[in-house]
Amino acid sequence: MSSPASITASVAASTYAPAAASGAAAITTSSSLLTEPVPNALQGADPLDMLAFFESRNQSLGVADGSQRIDDLEQQRHAAVQKQRDAVAQEVAAQKDHGFWDDLGNILGEVAKVAAVIASVAATVCTAGSAAPLAIAVVGAVLSAASFADGEFHVLQGLGVKSDVAGWIDTGMAIGGAVATAGAGMLSSAAQAGASAGMLSSADRARSLGVLVSQTVTVVSGVAQIGHGAAGIAAGQAEARADQDAADAVAAQARSDQATRWVQVVLDDTTDTDKKSKGILSTLSNIDAIQNDTAVAASTAVRG
Amino acid sequence: MTTIQTPVFSSDPYTQLAMMATQVDEQDRSIARETEDTADAAADESEQNRVAEMRAKAQDAESSALVSGITGMAGGLCGLVGAFVPSGGEAAAPDASGPAAGRVAAGAASLSPLGRALDAGSRLIPNVGGVAAAVYTGNAGNDDAAAAQDEADAQADLRQATRAHDDLQAARSSLDKVTQFLDETQQSENAARLAAVSVRG
């Protein structure tokens, strides 16, 4: 019958070397913890004792090596957790920035939209006296106002239109409003090209006031639109930073989780190796005891 | 791949059985370790892909905001400049009743060609920018979906790694039992031999 020691030795625990795909420090182990055999090292010594000595040393080195690897992994895990905390804190700050710029951009966007509608209405008032430009300008103003209203209150979506389709309709109405307003201007310009200028009537003064209002509101709308664009860029950059920080946090968490898994693996390996070393030592001890018993039995038999 | 070798150096059936069990357990352990390593590496790769998709989403969101913001600013600038462009009517009759009358006669609706272009640009450019930004927004949505898929893949790989780890532990436990069985068998044989020797003595 073969010795249990030989069996247990043949199934000695393998080492764990997970693929270092993430770039983290890989767990490396030597093929054996035993020292290189020196020629004639066992000469004059009991081989069983030498085996027990080396196995005991192997056991101690295995535990020490496992402990060291677990310490290293714990340090990696703590570093990853710290990075994760930092990334989450930066993400929160970036989200605050995004919220601020987003709110500011929304306010400026509202101002720009309302001003654009007012400017459109004022331009419509200025075309009074010419039927065709007036009608077209009214259509333009209505389209712009409808686009604005639906963008704010989502009437189309409330009527069952899908959000993307409603967005395209809003965009179309806005473009249509712009084209109609511009067309009304062109028609009005053509109609008034041959008109003679006379004394300013009350209607002309009203038109003058309308022009002034239209220009003023257009300036406000332009400034607000520029501010809206700038705030949108700032908000987008802040959102991008938040997303990047979220990605950093996920990456750090993945490293932390992987380190935790490796700690468990190394712990299991070390425990298994230690357990097997204890088994081998126990087997050697039993063999020693059997040798002694055999010697006693043989002595007893010889003495009779 | 490890193959099960037929034990040849012992005719004891218990020993042969134990050796075969040991080899099977060893093979199971090796496969489980290999599976665990592979699943762990796959999970790590999936997590890296997820992070890459999240970064791509961030870049797309930034690009969308840039396109939308720049075109919005351009539109606003057009509107701002357009408000100061002289009307077409002024140029047509500058000396009839002065600048004020000219502006009144022309009105806001009778803008010069440049004014009309700027007015149209102030409305069209932001909308065109919105359409272009929507492309980036769509890409960001795709990146988000891909990141979610990678996360699901990583979770699946982790579950597989956990199962493989459990299999590994089970194989170790089985090996321990075989070793214990062999130990007890040998102790019994030795005890019997000693007893036999003692009886003879």
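Among the elements of chain A, which has the lowest mean pLDDT and which the highest? Helix H1 of chain A, residues 4–10, has the lowest, at 38. H2(A) has the highest, at 88. Here pLDDT is the predictor's confidence in each residue, on a scale from 0 to 100. Helices (H or I, at least four residues) and strands (E, at least two) are DSSP runs, numbered from the N terminus.

This is a predicted model, in which local features need pLDDT of at least 70 and side-chain atom pairs count only at pLDDT 80 or more, while totals for chains, interfaces and linings use all residues. Residues are numbered from 1 along each chain as its sequence is written, and chains are lettered from A and ligands numbered from 1 in the order in which they are written.

Start with confidence. The mean pLDDT of chain A is 76. In that chain, 71% of residues reach 70 or more. Over residues 1–29 of chain A the pLDDT is below 50. Beyond near neighbours in sequence, this stretch still has 65 contacts in the model. A contact means that the C-beta atoms of two residues, placed from the backbone, lie within 7 Å.

Chain B averages a pLDDT of 80, and 81% of its residues score at least 70. Among its elements, helix H3 of chain B (residues 98–106) has the lowest mean, 36. H1(B) has the highest, 89. Two stretches of chain B fall below 50: residues 1–8 and residues 90–109. Beyond near neighbours in sequence, residues 1–8 have nine contacts in the model, and residues 90–109 have 56. For the complex, the predictor gives an ipTM of 0.74 and a pTM of 0.66.

Now the layout. Chain A has six helices and zero strands. Along the sequence its pattern reads α-α-α-α-α-α. Chain B has four helices and zero strands, in the pattern α-α-α-α.

How much of each chain is buried? A residue is buried if 20 or more other C-beta atoms lie within 10 Å of its own, exposed if 12 or fewer, and partly exposed in between; the C-beta atoms are placed from the backbone. Buried residues make up 36% of the 304 residues in chain A. For the 201 residues of chain B, the share is 42%.

Contacts reach along the sequence too. Take those in chain A between residues at least 6 apart: 84% join residues at least 24 apart. In chain B, residues 24 or more positions apart account for 80% of the contacts with a separation of 6 or more.

Next, the interior. A nonpolar core is a set of buried Ala, Val, Leu, Ile, Met, Phe, Trp, Tyr and Cys residues joined through C-beta atoms within 7 Å. The largest such core has 43 residues. Those touching the most other members are A:Ala115, A:Ala246, A:Ala247, A:Val250, A:Ala251 and B:Met54. Four elements give two or more residues to this core: helix H2 (47–126) and helix H6 (202–303) of chain A, together with helix H1 (13–82) and helix H4 (113–200) of chain B. H6(A) gives the most, with 20 residues. Apart from this core lies another, of 14 residues, among them B:Met19, B:Ala39, B:Ala161 and B:Ala164.

Where do the chains touch? A:Val250 offers one example: not counting residues up to four places away in sequence, A:Val250 touches B:Arg50, B:Val51 and B:Met54.

Follow helix H6 of chain A through two residues. A:Ala224 lies in this helix. A:Ala224 counts as buried because 23 other C-beta atoms lie within 10 Å. Outside the four nearest places in sequence, A:Ala224 touches A:Leu108, A:Val111, A:Ala112 and A:Ala115. A:Ala224 and A:Val111 are 113 residues apart in sequence, yet 6.2 Å apart in space, C-alpha to C-alpha.

A:Val217 is also in helix H6 of chain A. Why does A:Val217 count as buried? Because A:Val217 has 22 C-beta neighbours inside 10 Å. Leaving aside neighbours within four places in sequence, A:Val217 is in contact with A:Ala115, A:Ile118, A:Ala119 and A:Ala122. Between A:Val217 and A:Ala122 the sequence gap is 95 residues, and the C-alpha atoms are 9.0 Å apart.

Finally, turn to helix H3 of chain A, residues 131–153, where A:Gly151 lies. A:Gly151 is partly exposed because 18 other C-beta atoms lie within 10 Å. The C-alpha atoms of A:Gly151 and A:Gly167, 16 residues apart along the chain, are separated by 7.8 Å.
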